[in-house]
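Biologist: Could you put the model up, so that we can talk through the surface and the rings?
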Amino acid sequence: MVLPCALSGRVSAATPQPLFDGVNSAVGMGFDARGNLFVAEWGAGRISRFAPDGARTTFAEGLSGPSGLAIAPDGAIFVASYSSDLIWCFTPDGERSAYVTGLATPAGLSFDRAGRLMCEPTKQ
């Protein structure tokens with residue numbers, strides 16, 4: 001269905017306002033069921049967690065090129081490592097394990113409707 005509409009006057013976008021300072025090369029992010037925002041910070045080699053009240057904590061650090069990030073319905077956090085050619089799996093408590101290895105610079109992650117983890121490959 002197409003609905004006709006007319007704009008009169010000039011429309012402009014709102015001025016962007018930063019939500020958080022000090023985020024270093026954010027390349028992947030996702031929300032968990034509790035409303036926490038997880039951000040993969042490529043330049044810092046860490047995953048930051050922002051609580052609904054804005055409080056920031058480091059969820060994981062010492063990561064090599066964290067790129068994509070996706071959160072499973074069960075709360076597991078998957079993070080692609082562009083530099084290490086793998087995908088990590090973190091429990092909601094922060095325990096890390098290698099989920100898949102031997103990939104070629106994985107980047108974006110998401111889940112399909114069936115709950116399968118999807119990875120965006122990059123070309124070399």
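Biologist: Which residues make the nonpolar surface patch?
Modeller: In this predicted model, the patch is made by Val27, Trp42 and Tyr82, and the nonpolar surface comes to about 260 Å².

Biologist: Is Trp42 buried or exposed there?
Modeller: Neither label fits, because Trp42 has a relative accessible area of 34% and therefore counts as partly exposed, the range between the cut-offs of 20% and 50%. Tyr82 is likewise partly exposed, with a relative accessible area of 33%.

Biologist: And how many aromatic pairs are there?
Modeller: The count comes to five aromatic pairs. One of them is formed by Trp42 and Tyr82, whose ring centres are 5.3 Å apart and whose planes stand at 65° to each other, and since angles over 60 degrees count that way, the pair is edge-to-face.

Biologist: What does that pair tie together?
Modeller: Trp42 lies in the loop between β2 (37–41) and β3 (46–50), while Tyr82 lies in the loop between β6 (77–81) and β7 (86–90), so the pair links parts that are 40 residues apart in sequence.

Biologist: Switching topic, which residues form the aromatic cluster?
Modeller: Phe38, Phe59 and Phe90 together form one aromatic cluster.

Biologist: What about charges, then: which residue lies over the face of Trp88?
Modeller: That residue is Arg96, which is placed over the face of the Trp88 ring at 5.8 Å from the ring centre.

Methods:
Residues numbered from 1 in each chain as written. Predicted model: local features only at pLDDT ≥ 70, side-chain atom pairs only at ≥ 80, totals over all residues. Heavy atoms only, no water. Phe/Tyr/Trp six-rings, centres within 6.5 Å; stacked < 30°, edge-to-face > 60°. Helix = DSSP H or I, 4+ residues; strand = E, 2+ residues; numbered from the N terminus. Buried < 20%, exposed > 50% of the residue type's maximum accessible area, 1.4 Å probe, protein only. Lys NZ or Arg CZ within 6 Å of the ring centre and 35° of its normal. Patch = residues over 30% accessible without salt bridge, like charges linked within 9 Å, V, L, I, M, F, W, Y side chains within 5 Å. Areas by Shrake-Rupley, 256 points an atom, 1.4 Å probe, with all protein chains shown as cover. Salt bridge = Lys/Arg side-chain N within 4 Å of Asp/Glu carboxyl O.
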